[in-house]
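The exercises below are meant to be worked with the coordinates open, and each task is followed by a solution that proceeds step by step. Please try each task before reading on.

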Amino acid sequence: MSKPFLSVERLSQTFPDGAGGTLTVFENASFGIEKGEFVCILGHSGCGKSTIMNVLAGLAEPSAGVVKMDGVAVSGPSLDRGVVFQNYSLLPWLSALKNVTFGVKARYRDWSREKVVEHATQYLAMVGLEGDVIHRKPSQLSGGMRQRVSIARAFANQPKLLLLDEPFGALDALTRGTIQEELLKIWSQTEQTVFMITHDIDEAILLADRILLMTNGPFARIAESVEITIPRPRRRTEIVEHPNYYAIRNHLVQFLGKRSKELAGRASGGESQSPESVRIDLTAPTDDPEPAPQKPVLHAVNG
Ligand SMILES: Nc1ncnc2c1ncn2[C@@H]1O[C@H](COP(=O)(O)OP(=O)(O)OP(=O)(O)O)[C@@H](O)[C@H]1O
Ligand SMILES: [Mg+2]
C-alpha cells in the first residue's frame, strides 16, 4: 500500500515533569491521514492533543519519531501547513482584510495588490464577512467574527494541511453551528486536508471522515480510528436522523467515559502504536437472516 499524504511514524514526546522526573506524553504513536481527508481527534484534557498538533505544524520538535508530509520530513513551520489556534491570534493593529492579505502576500509573492485583495475578500465572503465589516480591526469585531477571520486567513493561504486546535471552543452554540457549516462548505470546495482537535462529540461527527480517539495520559495512545459512516453533504439537523448517528455517538461516549481511562498509562514496550480501525454501519447488509436492527455492526480492521 502507498504511504498516506501525512504519515506520523513512531512519534514520542517527553517533557521534564517539574519534579526532577520525566513525563511521557505519548510514545511510538503512528498514524496516517490521506489527502483531502477531514480528521478530528477527541481525547480528555491534558492527554497530548495540542502537543501532537504542534509537532505536525513544525512548531515543536518531538523527542523521537518523524512526521512526513508528501514523503518529506516536517521540520520547522511552513506556509504549507496552516494553523488556527484556539485564541485566534489575529494581528490587532490590522483590519480583518489586512489580517488575511498579510499571509496571502507572503505566500504568492508575484501576485499584484489587486489580486491579493480580491483573493482575500473572496475567502472572507466564504465565511460570511462582507462589506464594511472587513475593514474593522479585531477589537471592533465580535468573537465569532474574529474566529471567521482566522479561518478565512488559514484557508486563503491554501496550505496543503490545515491544523485546527479547538477553533470553536470559545463560541456560543448558535455561532458555532453556523461556522461549522461554513467550514464544511469551504473544505468541500477546496479539497484541503484538515486535522482538527475538538472536545465536542457532535461537532466531530458532523465534520469528520474519521475520528481518532486518544486515551488519557501519561503514555497516551491513539487507540482507535472511527470511520464516520454518514454520507455527505451533512447538515446538523439531518444527520441525527441517520441510523448510524447514535450508534457512532454511543461508541465515542463509551470510549471517552470508560475505555480512555482503562487503556491509559501503559508503556508501548518499544512497539509502534497504531490505532485500530472501527467501522460502525447499521445500514450494511449482514449474513444474519434476521439482523437485530439496534445492534451496531463492528468491523475491527487492523490499522
Ligand atoms: N512545554 C511543556 N513542558 C512540560 N509539559 C508540557 C509542555 N507542553 C505540554 N505539557 C504537558 O503535556 C501534557 C499534554 O498537554 P497538551 O497541551 O498536549 O494537552 P491537550 O490534550 O491539548 O489538552 P487540552 O484538551 O486541555 O488542550 C500535559 O500534561 C501538559 O502539562
Ligand atoms: Mg490542547
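**Exercise 1. Compare the length of helix H5 with its expected span, and then determine how its buried residues are placed around the axis.**

Solution. Helix H5 covers residues 173-190, which makes 18 residues, and its first and last C-alpha atoms are 26 Å apart, close to the 26 Å expected at 1.5 Å a residue. It should be kept in mind here and in every later step that the model is predicted. The next step is to list the buried residues of H5, which are Ile179, Gln180 and Leu183. These buried residues lie on the same side of H5, because the arc they cover around the axis is only 110 degrees. On the other side of H5, Leu174 and Gln189 are exposed. As for what covers the buried residues, helix H4 (143-156) and helix H6 (201-207) are included in that cover. Finally, just after H5, the backbone of Glu191 takes a positive phi of about 55 degrees.

**Exercise 2. Apply the same length check to helix H2 and identify what its buried residues pack against.**

Solution. Helix H2 has twelve residues, 96-107, for which 1.5 Å a residue gives a span of 16 Å, and the 18 Å between its end C-alpha atoms agrees with this. The buried residues in H2 are Ala96, Asn99, Val100, Thr101 and Val104. Their packing partners are helix H3 (113-126) and H4; H4 also takes part in covering the buried residues of H5.

**Exercise 3. Which residues surround ligand 1, and which classes do they belong to?**

Solution. Begin with the list itself: the residues around ligand 1 are Phe15, Val25, Gly43, Ser45, Gly46, Cys47, Gly48, Lys49, Ser50, Thr51 and Gly217. Next, sort them by class, which yields three nonpolar, seven polar and one charged residues. Then ask which element contributes the largest share, and the outcome is helix H1 (residues 49-57), with three residues of the shell.

**Exercise 4. Find the residues with unusual backbone geometry in the loops, and decide for each positive phi whether the residue is buried or exposed.**

Solution. The background to this search is that most residues other than glycine have a negative phi, and most peptide bonds are trans. Two cis peptide bonds can be examined in turn. One joins Gly217 and Pro218, with omega about -5 degrees, and Pro218 is found in the loop between strand E9 (210-214) and strand E10 (222-227). Gly217 is also one of the residues around ligand 1. Another cis peptide bond joins Arg232 and Pro233, again with omega about -5 degrees, and Pro233 lies in the loop between E10 and helix H7 (236-239).

Turning to phi, Phe219 is not a glycine and yet has a positive phi of about 55 degrees, and this residue is placed in the loop between E9 and E10. Phe219 is buried, because 21 other C-beta atoms lie within 10 Å, and the cut-off for a buried residue is 20 or more. Asp70, likewise not a glycine, has a positive phi of about 50 degrees and sits in the loop between strand E4 (64-69) and strand E5 (72-73). Asp70 is exposed, because there are 12 other C-beta atoms within 10 Å, and a residue counts as exposed at 12 or fewer.

**Exercise 5. Establish the order of the open four-stranded sheet and explain which strands stand at its edges.**

Solution. The order of the strands is E2-E1-E4-E5, and the pairing is antiparallel. Strand E2 (22-33) and E5 stand at the edges, since each has a single partner strand, and so one side of each is left without a neighbour in the sheet. At the E5 end, E4 and E5 are joined by two bridges, and Lys68 stands opposite Ala73 in E5.

**Exercise 6. Describe how strand E6 is covered and how it pairs with strand E7.**

Solution. In a regular strand the side chains alternate between the two faces of the sheet. For E6 (residues 81-84), Arg81 and Val83 on one side and Gly82 and Val84 on the other are all buried, and both faces are therefore covered. Four bridges then join E6 to strand E7 (residues 161-165) in a parallel arrangement, and Val84 has Leu164 as its bridge partner in E7.

Key:
Residues numbered from 1 in each chain as written. Chains lettered and ligands numbered in written order. Predicted model: local features only at pLDDT ≥ 70, side-chain atom pairs only at ≥ 80, totals over all residues. Near = placed C-beta within 6 Å. Nonpolar A, V, L, I, M, F, W, Y, C, P; charged D, E, K, R; others polar. Pairing = 2+ DSSP bridges. Expected span 1.5 Å × (residues − 1). Arc of directions from axis to C-beta. Contact = placed C-beta atoms within 7 Å.
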